[in-house]
Amino acid sequence: MSNIITVKDMCLWYGEHQALKNVNIEIPEKSITAFIGPSGCGKSTFLKTLNRMNDLIPGVKITGDICYEGTDIFAKDVDVNNLRKEIGMVFQKPNPFPMSIYDNIAYGPRTHGITNKMQLDDIVERALRDAAIWDEVKDRLKKNALGMSGGQQQRLCIARALAVQPKILLMDEPTSALDPISTSRIEELVTELKEKYTIVMVTHNMQQAVRVSDYTAFFLLGELVEFSKTDDIFSQPQDKRTEDYITGRFG
Amino acid sequence: MLNQSLSKKRKSFEVLMKALMAVSVGLTAALVLFLLVYVLMRGIPNITWELLSSKPSYLTERIGILPDILNTVYIVLATLLLVLPLGVGAAIYLTEYASNKKVVGIIEYAAETLSGIPSIIYGLVGMLLFSNSMGTCLMAGALTLVIMNLPTIMRTTQESLKTVPQSYREGAFGLGAGKWRVVRTVVLPGCVDGVITGCILSVGRILGESAALLFTAGFAHAVNGLIDGLAAPGATLTVALYVYAKEQGEFGVAFAIAAILMVLTVLINFAASLVQKYFAKRRSL
Ligand SMILES: Nc1ncnc2c1ncn2[C@@H]1O[C@H](COP(=O)(O)OP(=O)(O)OP(=O)(O)O)[C@@H](O)[C@H]1O
Ligand SMILES: [Mg+2]
């Protein structure tokens, strides 16, 4: 299996504060990678670096290399909007736009120049089907997305991200704001999605990491402590700190 | 014993304070009511169709306020047309694009200060800046009002821009939208209420303005079309009120105008609260 993202010696500072220290990781294609670690260890920061969402925060300084499909994402000729089209993102709190369900899904494709109504209809349906929410919303596509339940909103956001046909989907604690049923639906969905997409997700829930992910990365205080197959890391962690964390001795 | 007298003292103090506050509330209400009723009672009987639909003529000694009504409409239109793009544009730039927070802070502080300056000073500056070059005319008045209302529009727009959740912006950027697309599609629709509120407040201020306009727009009473009107001197209703009361002793006409302005002000405040309620409801959806 080939690696879609390769990170070499990456450090990140928020002003004076160093949030990531010498991170090296290779994320395999068409698989699910989970980031775990105690609060404040830099999981979200690292995730947001992968599609350069950190560009939006003033005072962020990054060193090291991140390659996506062999190209340096910080190179001058990289169009950051295209990068984010390829590497989509789903946020911790569902954040549908205050517009209709249809317009939410069509937002991305429209952004990238698709205006043909039939083509859009098609994309919207496919994205909603892929996100396993089509049956619930197909009769109310013109209704405001803010009127949906939290779990539906999150699946809508996943559909919205899928609609631009990304290669990678970054998910920052996508189920932390949801009830158990919505959570398991999204977990199922994620496992299906890895057929077509590479998924990187942050989670605070060890069981979730075990259930859905193929690889797990453990972060601590801005360092990537350990990264390997999920089965391995949870059955025989190499690092003492990983062991302490997954057995619940701290964090 | 001691305790009891203390609590008695406290109680009577409470009662006294309550009474004092009740009196001040009563006085305030009575004053507002008196003003309203007095102006309406003296004004309404003088409002006739002839007054509203004609212009003043020295030959027939007839007084009409049609030109003043038209001038008011023209000046409101011209001012809003200019101040809206400027104010909204500035607000968007400051909240969405500007990266130097210090400069933004200084500009916001300046805007805050600017909106507290007595309007007569705007009039003075407007006279030197505009009337001296283009002559005393409605346009010079409108330009002065633009400067005066710019901070209002800018601040109300900015305030409502700040209420647009950051998560919308992140969501849009995350889909690969560029800055301008994010602003146009998810930020601007969220600040419409601020813009409308700013507009309504500004219209209220323009209606009430006299000092700044006396210097810049003059007090002629000719009936003109929009374009000619802007190029010619003219009085708005408020300025006309001043002129009729002070220069000509026509108190009947003055009170008629006062009544009209009062009703307009009430309507504007009502509209402002309606808009706010409407958007508050839409937001909580
Ligand atoms: N915008 C920011 N400005 C400055 N410091 C930040 C910013 N965002 C995060 N940090 C800091 O960087 C460190 C890592 O934060 P990050 O949000 O990546 O942690 P996390 O692992 O995602 O935590 P959690 O599990 O609570 O979400 C923290 O110390 C945090 O205080
Ligand atoms: Mg986080």
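Here are a few worked exercises on this predicted model, with chains A and B.

**Exercise 1. Find which secondary structure elements chain B contains, and in what order.**

Solution. Start by counting: chain B has 13 helices and 0 strands. Next, walk along the sequence, and the pattern reads α-α-α-α-α-α-α-α-α-α-α-α-α.

**Exercise 2. Compare the radius of gyration of chain B with that of a compact globule of 285 residues.**

Solution. For the reference, a compact globule of 285 residues would come out near 19 Å. Chain B itself has 24 Å. Now look at the extents: along the principal axes, the C-alpha trace of chain B spans about 75 × 75 × 35 Å. Burial is the next item to check, and 41% of the 285 residues in chain B are buried. Finally, take the contacts in chain B between residues at least 6 apart in sequence: 75% of them join residues at least 24 apart.

**Exercise 3. Describe the surface and the charges of chain B.**

Solution. The exposed area is about 15800 Å², and carbon and sulfur atoms supply 72% of it. Turning to charge, chain B carries 22 positive and 14 negative side chains. The centres of these two sets lie 14 Å apart.

**Exercise 4. Identify the residues that touch the most other members of the largest nonpolar core, then follow Val186(B) outward.**

Solution. The largest nonpolar core has 95 residues, and those touching the most other members are Ile5(A), Phe35(A), Phe46(A) and Val186(B). Helix α3 (residues 66-97) of chain B gives the most to this core, with 10 residues. Now set aside the neighbours of Val186(B) within four places in sequence. In chain A, Val186(B) is then in contact with Phe97(A), Met99(A) and Tyr107(A). In chain B, the contacts of Val186(B) are Val164(B), Tyr168(B), Ala172(B) and Arg181(B). Apart from this core there is a second, separate one of 35 residues, whose members include Ile32(A), Tyr102(A), Trp134(A) and Ala161(A).

**Exercise 5. Explain why helix α3 (residues 101-111) of chain A is largely enclosed by the rest of the structure.**

Solution. Count the residues under 20% relative accessible area. In this helix 9 of the 11 residues are buried, so α3(A) is largely enclosed. Among them are Ile101(A), Tyr102(A), Asn104(A), Ile105(A) and Tyr107(A). Then ask what covers them: the buried residues of α3(A) pack against α4 (117-130), α5 (134-137) and α6 (150-162) of chain A. From chain B, α7 (166-174) and α8 (179-187) also take part in this packing. To finish, look past the helix: α3(A) is followed by Gly113(A), which has a positive phi, near 95 degrees.

Key. Residues are numbered from 1 along each chain as its sequence is written. Chains are lettered from A and ligands numbered from 1 in the order in which they are written. This is a predicted model: local features need pLDDT of at least 70, side-chain atom pairs count only at pLDDT 80 or more; totals for chains, interfaces and linings use all residues. Side-chain values use heavy atoms; hydrogens and water are left out. A nonpolar core is a set of buried Ala, Val, Leu, Ile, Met, Phe, Trp, Tyr and Cys residues joined through side-chain atoms within 4.5 Å. Buried means under 20% relative accessible area, exposed over 50%, partly exposed in between (1.4 Å probe, protein chains only). Helices (H or I, at least four residues) and strands (E, at least two) are DSSP runs, numbered from the N terminus. Contact means heavy atoms within 4.5 Å. The radius of gyration is taken over C-alpha atoms; the globule rule is 2.2 Å times the number of residues to the power 0.38. Accessible areas come from the Shrake-Rupley method with a 1.4 Å probe; for residues, only the protein chains shown count as cover. Lys and Arg count as positive and Asp and Glu as negative; His and the chain ends are not counted. The place of a charge is taken as NZ of Lys, CZ of Arg, CG of Asp or CD of Glu.
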